[in-house]
Amino acid sequence: MGIETLQTPRLTLCPMRAEHAPALHAFFSDPQAMRFFGDTHTDPAQTERWVAGTLAEPPERCREYVLLQDGVAIGKAGLWAAPELGFFLRRDRWGQGLMREALTALIPHLFATLPLDHIRADVDPRNAASLALLRHLGFVETHRASRTIQIGGEWTDSVYLRLSRPDQTRSVPLLDRT
């Protein structure tokens, strides 16, 4: 089965393709936007390699969508290491409810098309906006850990959250991928 394009009132979520790398570089090269995501990309080739690596993963392990608004790539959302959810949005689009809109469409689609019993997220505890969004979507905190990843030479902590599969979306056999 191919990966479908999803539509929301303001966004199109399309499967990530290599040609999205230049637009995604606008996020990856922004130190403030990358503060909680990873090391800043100083060269577009870094973003091209990241996209290529993502596309090389099998779709049952990695299902990434690019968020388009009026045809312009403004972010990404999806599973990068199933069942791990990852998402980002260009800084000039923060605070508009766009990621909530995207994830409200994407999460039920992931549960309906993949054999997941849950989706989890790993968030820097200083990233209040992402934590609030995930809690709004029904994710619950499972635990915390210290010094889990180094970003820009600084160790950061993690808050782990989980969203269980709603009973009504059991359209594929379940696998526990804990």
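I count a residue as exposed when its relative accessible area is over 50%. Arg147 reaches 53%, so I log Arg147 as exposed. The model I am reading is predicted.

**Entry 1. Arg147 and strand E7**

I looked up where Arg147 sits. Arg147 lies in strand E7. Its phi is positive, about 50°, although Arg147 is not a glycine. I then followed E7 to its partner. E7 covers residues 140-151 and runs antiparallel to E8, residues 154-164. Eight bridges join the two strands. Within this pairing, I found Arg144 opposite Val159 of E8. E7 and E8 make a hairpin, with two residues between them. Gly152 is in the turn and has a positive phi of about 60°.

**Entry 2. Thr156, across from E7**

Is Thr156 buried or exposed? Thr156 has a relative accessible area of 3%, under the 20% limit, so I note Thr156 as buried. Thr156 is found in strand E8. I listed its contacts, leaving aside neighbours within four places in sequence. They are Asp124, Arg126, Ser146, Arg147, Thr148, Ile149 and Ile151. Arg147, the exposed residue of my first entry, is thus on the contact list of Thr156.

**Entry 3. Another positive phi**

I went on to Asp70. Asp70 is in the loop between E3 and E4. Its phi is near 55°, a positive value in a residue other than glycine. The relative accessible area is 77%, so Asp70 is exposed.

**Entry 4. A cis peptide bond**

Which residues does the cis peptide bond join? I found Ala82 and Pro83 there, with omega about 10°. Pro83 is in the loop between E4 and E5.

**Entry 5. The N-terminal strands**

I started with E1, residues 6-7. E1 pairs with E2 in the antiparallel sense over two bridges. The two strands form a hairpin with four residues between them. Leu6 stands opposite Leu13 in E2. On to the next pairing. E2 also runs antiparallel to E3, and four bridges join them. Here Pro15 has Tyr65 of E3 as its bridge partner.

**Entry 6. Leu13**

I stayed with Leu13, which lies in strand E2, residues 12-15. Its relative accessibility is 0%, so Leu13 counts as buried. What is Leu13 in contact with, leaving aside neighbours within four places in sequence? I found Glu4, Thr5, Leu6, Thr8, Tyr65, Val66, Leu67, Ala102 and Leu106. Leu6, its opposite number in the E1 and E2 pairing, is therefore also a contact under the 4.5 Å cut-off. I also checked Leu13 against Phe37. The two are 24 residues apart along the chain, and their C-alpha atoms are separated by 20 Å.

**Entry 7. Nonpolar cores**

In soluble globular proteins, nonpolar side chains tend to be buried together. I looked for such groups here. The largest nonpolar core has 32 residues. Leu67, Leu85, Met99, Leu103, Ile119 and Phe139 touch the most other members. Elements giving two or more residues to this core are strands E3 (63-69), E4 (72-81), E5, E6 (118-123) and E8, with helices H3 (98-113) and H4 (128-136). H3 gives the most, with eight residues.

I took Phe139 as an example. Not counting residues up to four places away in sequence, Phe139 touches Leu85, Ile107, Ile119, Arg120, Ala121, Leu134, Leu161, Arg162 and Leu163. There is also a second, separate core of 13 residues. Leu24, Ala33, Val66 and Ala73 are among its members. Val66 had already turned up as a contact of Leu13.

**Entry 8. The largest pocket**

Rolling a probe the size of a water molecule over the atoms shows where empty space is left. How much space lies in the largest pocket? I noted about 1100 Å³. The lining has 44 residues. Phe36, Phe37, Phe87, Asn127 and Ser130 lie nearest the centre. By class, I read 22 nonpolar, 13 polar and nine charged residues in the lining. Strand E5, residues 84-89, gives the most to the lining, with six residues. E5 is also one of the elements that give two or more residues to the largest nonpolar core. Phe37, which I had set against Leu13 earlier, is one of the residues nearest the pocket centre.

Key. Residues are numbered from 1 along each chain as its sequence is written. This is a predicted model: local features need pLDDT of at least 70, side-chain atom pairs count only at pLDDT 80 or more; totals for chains, interfaces and linings use all residues. Side-chain values use heavy atoms; hydrogens and water are left out. On a 1 Å grid over the protein atoms alone, a cavity is a set of points where a 1.4 Å probe fits but cannot get out, and a pocket is an open set with protein on both sides within 12 Å along at least five of seven lines; lining residues have an atom within 4 Å of a point. Grid points are joined across faces, edges and corners, and a volume is the space filled by probe spheres set on the points. Ala, Val, Leu, Ile, Met, Phe, Trp, Tyr, Cys and Pro count as nonpolar, Asp, Glu, Lys and Arg as charged, and the others, Gly among them, as polar. Two strands pair if DSSP finds at least two bridges between them. Buried means under 20% relative accessible area, exposed over 50%, partly exposed in between (1.4 Å probe, protein chains only). A nonpolar core is a set of buried Ala, Val, Leu, Ile, Met, Phe, Trp, Tyr and Cys residues joined through side-chain atoms within 4.5 Å.
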